[in-house]
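Ready for some practice with a protein model? Take a look at what follows, then work through the exercises one step at a time.

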Amino acid sequence: MPLRPFAESALLLFVLLNPFLMSIYLLPLIQKLGPADFGRVLLRAAAIAGTVFALFAWAGDAVFQDVLQARFAAFLIFGGVVFVLIALRMVHEGGGAIETFRGPAKHVAGAVAMPFMVGPGTVSASVLAGSKLPVPAAILAIAVTLSAVVVSLLAMKAIHDWVSVRSERLVERYVEVVGRISAIVIGTIAVEMLLQGVDLWLGRA
């Protein structure tokens, strides 16, 4: 197995998933769920995301062209619109804007996987991994990356719980400030996704 392409593929996917930024998205869950329930949600979400990533690593762009009968540009534009809506809510409401995480943990995993794990960037990284590596190696890189993301988020959950016991007001202020700052980052990424989708649609990319 080529180690350099393997490491590059895993690192790219890890950077795009960005556990730190994802912890901001998932703050409502981090605050409301216990460690065991939060871990189960993450494992289910990672399983869903891993299945999608493995499919795209195996099939590549053919999933869009032959199965979905849609252009990848449409996927980018729709993904951008979704994140624009999330960013606008976070600008006005802070970190508590993502209150779609309700109900039993088994019903929340899908909301975590999409759109917070499965998105145009991570799907593109999966397609790229499949083009650079044999399919089994690409799937292994995806599994290793998702495992690292889950472990990172569990560590952040433990840190949050430890700090919140000692200074709940500090955690609340952190959630509010970082939630609004993250809205700017999310909005910027969303607009970039929209622009990339338009460029692809117009044949400029």
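**Exercise 1: A helix and its end**

Find the residue just after helix α4 that has a positive phi, and describe the helix before it.

Step 1. Gly60 follows directly after α4 and takes a positive phi of about 65°. This is a predicted model, where local features need pLDDT of at least 70, side-chain atom pairs count only at pLDDT 80 or more, and totals for chains, interfaces and linings use all residues. Residues are numbered from 1 along each chain as its sequence is written, and side-chain values use heavy atoms, leaving out hydrogens and water.

Step 2. Helices here are DSSP runs (H or I, at least four residues), numbered from the N terminus. Helix α4 covers residues 35-59, which is 25 residues.

Step 3. From first C-alpha to last, α4 reaches 36 Å, close to the 36 Å expected at 1.5 Å a residue. The expected span is 1.5 Å times one less than the number of residues.

**Exercise 2: Two helices side by side**

How do the axes of α1 and α8 cross?

Step 1. The axes are lines fitted to C-alpha atoms over the stretch in contact, with angles from 0 to 180 degrees between N-to-C directions.

Step 2. The axes of α1 (residues 3-17) and α8 (residues 120-132) come within 9 Å and cross at roughly 175°.

Step 3. That makes α1 roughly antiparallel to α8 (angles over 145 degrees count as such).

Step 4. In the contact (heavy atoms within 4.5 Å), α1 residues including Leu12 and Leu16 meet α8 residues including Ala125 and Leu128.

Methods
Angles under 35 degrees count as roughly parallel, over 145 as roughly antiparallel, 65 to 115 as roughly perpendicular and the rest as oblique.
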